[in-house]
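I opened the model to check a few points before going back to the bench. My notes follow in the order I looked things up.

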Amino acid sequence: MKKLTAVVRQEKLEVLKQALFDKGIRGMTISQVQGCGNQHGWKEYVRGTEVLLNTIPKVEFEIVVDDEQVNDLVQVVCDAARTGEVGDGKIFVTPAEDVIRIRTGEHEPAAL
């Protein structure tokens, strides 16, 4: 099993969520997050004072899938979230060693 964590633009939330549902993904966790990448923010003036805004609102998707699904889902996320501009986001793929259902305590395979 692998855990895909995708950090994308806020405006891509519904598009990406629908693309994942269309691909048969049954479970995901979505969080509103703040972050910065290579751009490290920008300067704005608030009431005449220069302010450095160095974090940008993003949306984070977490999905646990079978190893065989990883490449397909990475492509789905890229296709749904890509604008071609700086700040489109990142995808992180990490091992998911075990899944435990809290209600029953049972250990599950990738079927979430």
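**Cysteines.** I looked up C36 first and found a relative accessible area of 44%. That value lies between 20% and 50%, so I noted C36 as partly exposed. This is a predicted model, and I read every entry here with that in mind. Next I looked up C78, which has 24% relative accessibility. Because the buried class ends under 20%, C78 also goes down as partly exposed. I then asked how many disulfides the count gives. The count comes to zero disulfides, with a pair of sulfur atoms within 2.5 Å as the criterion.

**Chain layout.** I went through the secondary structure and listed two helices and eight strands in the protein chain. Read along the sequence, the order is β-α-β-β-β-β-α-β-β-β. I also looked at how far apart in sequence the contacting residues are. Of the contacts between residues at least 6 apart in sequence, 71% join residues at least 24 apart.

**Nonpolar core.** I asked which residues have the most contacts inside the largest nonpolar core. They are V8, L16, L20, I25, F61, V65 and L73, in a core of 17 residues. The elements that give two or more residues to this core are β1, α1 (13-22), β5 (56-65) and α2 (70-81). The largest share, six residues, comes from α2.

I picked I25 from that list for a closer look. Leaving out residues up to four places away in sequence, I25 touches L20, I63, V65, Q69 and L73.

**T5.** Is T5 buried or exposed? I noted T5 as buried, because its relative accessibility is 12% and the cut-off for buried is under 20%. T5 lies in strand β1, which covers residues 2-9. Beyond four places away in sequence, I found T5 touching E60, F61 and E62, and also K90, I91 and F92. F61 is also on the list of residues with the most contacts inside the core.

**Overall dimensions.** I took the radius of gyration of the protein chain as 17 Å, where a compact globule of 112 residues would have one near 13 Å. The C-alpha trace spans about 60 × 30 × 20 Å along its principal axes. I recorded an accessible surface of about 7600 Å² for the protein chain, with 50% of it belonging to carbon and sulfur atoms. Buried residues make up 28% of the 112 residues.

Note on methods. Residues numbered from 1 in each chain as written. Predicted model: local features only at pLDDT ≥ 70, side-chain atom pairs only at ≥ 80, totals over all residues. Heavy atoms only, no water. Helix = DSSP H or I, 4+ residues; strand = E, 2+ residues; numbered from the N terminus. Buried < 20%, exposed > 50% of the residue type's maximum accessible area, 1.4 Å probe, protein only. Contact = heavy atoms within 4.5 Å. Core = buried A, V, L, I, M, F, W, Y, C linked by side-chain atoms within 4.5 Å. Rg over C-alpha atoms; globule rule 2.2 N^0.38 Å. Areas by Shrake-Rupley, 256 points an atom, 1.4 Å probe, with all protein chains shown as cover.
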